[in-house]
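Reader: Hi! I'd like to walk through this one with you. Could we begin with the overall fold and then go to single residues?

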Amino acid sequence: MDNTEKNALERMVLAPYIQKATALRGKYRYVGGNQFRHALGTFAILLDYHYIDPVLLKASIIHDVFEDVKCVSPEEIIYLDKDGAEVYKLVQEVTRSNNETKDQFLERILKKGSKNAKILKCADRISNLTDLHTDIFDKEFINKYILESKNWVIPMAEEVNENMLYELKDIIRRREKHFRIPMHIWPLTRKNPED
């Protein structure tokens, strides 16, 4: 992190968002820990990629709040600070509605999502793929999750960040090799699965 990034981060008001995200501490995560730690992990991934956009970073901290807990209202976020309305809007973009299947949700972000929604979803997926463990998830779930990532998240990364794309492909290849998942499974829309 260079001094410009450090100075920009220093001026950001993050504490109120972190406080709201603590509601996720009660939401257990299958890999251990809780959703609060995952939210901060997603935030850290964005920092690692030098994203210092206040709306994107604040949204990353609370990106699962409306899906996973019911104790935080939209108004609490909207009026949290000067970025609140934009943060809420971005969080809504990456929040799955009750009437969406997982594929519909990911397709919506891919086809209609903002650039920041796609960046946030890529960081979120990097965190989730890193947490795929055979002692917790069965091979069928892992296979489905990897296929979802190939179909929807890889194309998002292709649009927004070539380094995230590289990391996502690397994690997927490692998981396929480790879990002995057939690597030939790739979305039909992809021209060259090895790109």
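Reader: So, how many helices and how many strands are in the chain?
Author: Happy to help! This is a predicted model, and the chain has 11 helices and zero strands. Its radius of gyration is 17 Å, close to the 16 Å from the globule rule for 195 residues, so the chain is as compact as a globular protein of that length.

Reader: Nice. What box do the C-alpha atoms fill?
Author: Along the principal axes, they fill roughly 50 × 35 × 30 Å.

Reader: And what percentage of the residues is buried?
Author: Buried residues are 48% of the 195 in the chain. As for contacts with a separation of 6 or more, 66% of them join residues 24 or more positions apart.

Reader: Switching to the outside: how much area does the chain expose?
Author: About 10,600 Å², with 51% of that supplied by carbon and sulfur atoms.

Reader: What about charges, how far apart are the mean positions of the positive and negative ones?
Author: They are 2 Å apart, taken over 31 positive and 31 negative charges.

Reader: Back inside, then. Which residues touch the most other members of the largest nonpolar core?
Author: Those are L46, I62 and M164, in a core of 58 residues. Helix α10, residues 139–160, gives this core its largest share, with nine residues.

Reader: Let's stay with M164. Which residues is it in contact with, leaving aside neighbours within four places in sequence?
Author: M164 contacts L46, Y49, Y51, I119, C122, A123, I126 and A157. L46 turns up again here, and L46 is also one of the core residues that touch the most other members.

Reader: I noticed H50 too. Where does it lie?
Author: H50 sits in the loop between α3 (35–48) and α4 (54–62). Its phi is positive, about 65 degrees, although H50 is not a glycine.

Reader: What is the relative accessible area of H50?
Author: The value is 48%, so H50 counts as partly exposed, given that exposed means over 50%.

Reader: Last one, K115: buried or exposed?
Author: K115 is exposed, because its relative accessibility is 55% and the cut-off for exposed is over 50%. K115 belongs to helix α9, which covers residues 115–130.

Reader: And how far is K115 from I142 in space?
Author: The C-alpha atoms of K115 and I142 are 27 Å apart, and the two residues are 27 apart in sequence.

Technical notes
Residues numbered from 1 in each chain as written. Predicted model: local features only at pLDDT ≥ 70, side-chain atom pairs only at ≥ 80, totals over all residues. Heavy atoms only, no water. Helix = DSSP H or I, 4+ residues; strand = E, 2+ residues; numbered from the N terminus. Rg over C-alpha atoms; globule rule 2.2 N^0.38 Å. Buried < 20%, exposed > 50% of the residue type's maximum accessible area, 1.4 Å probe, protein only. Contact = heavy atoms within 4.5 Å. Areas by Shrake-Rupley, 256 points an atom, 1.4 Å probe, with all protein chains shown as cover. Lys, Arg positive; Asp, Glu negative; His and termini not counted. Charge placed at Lys NZ, Arg CZ, Asp CG, Glu CD. Core = buried A, V, L, I, M, F, W, Y, C linked by side-chain atoms within 4.5 Å.
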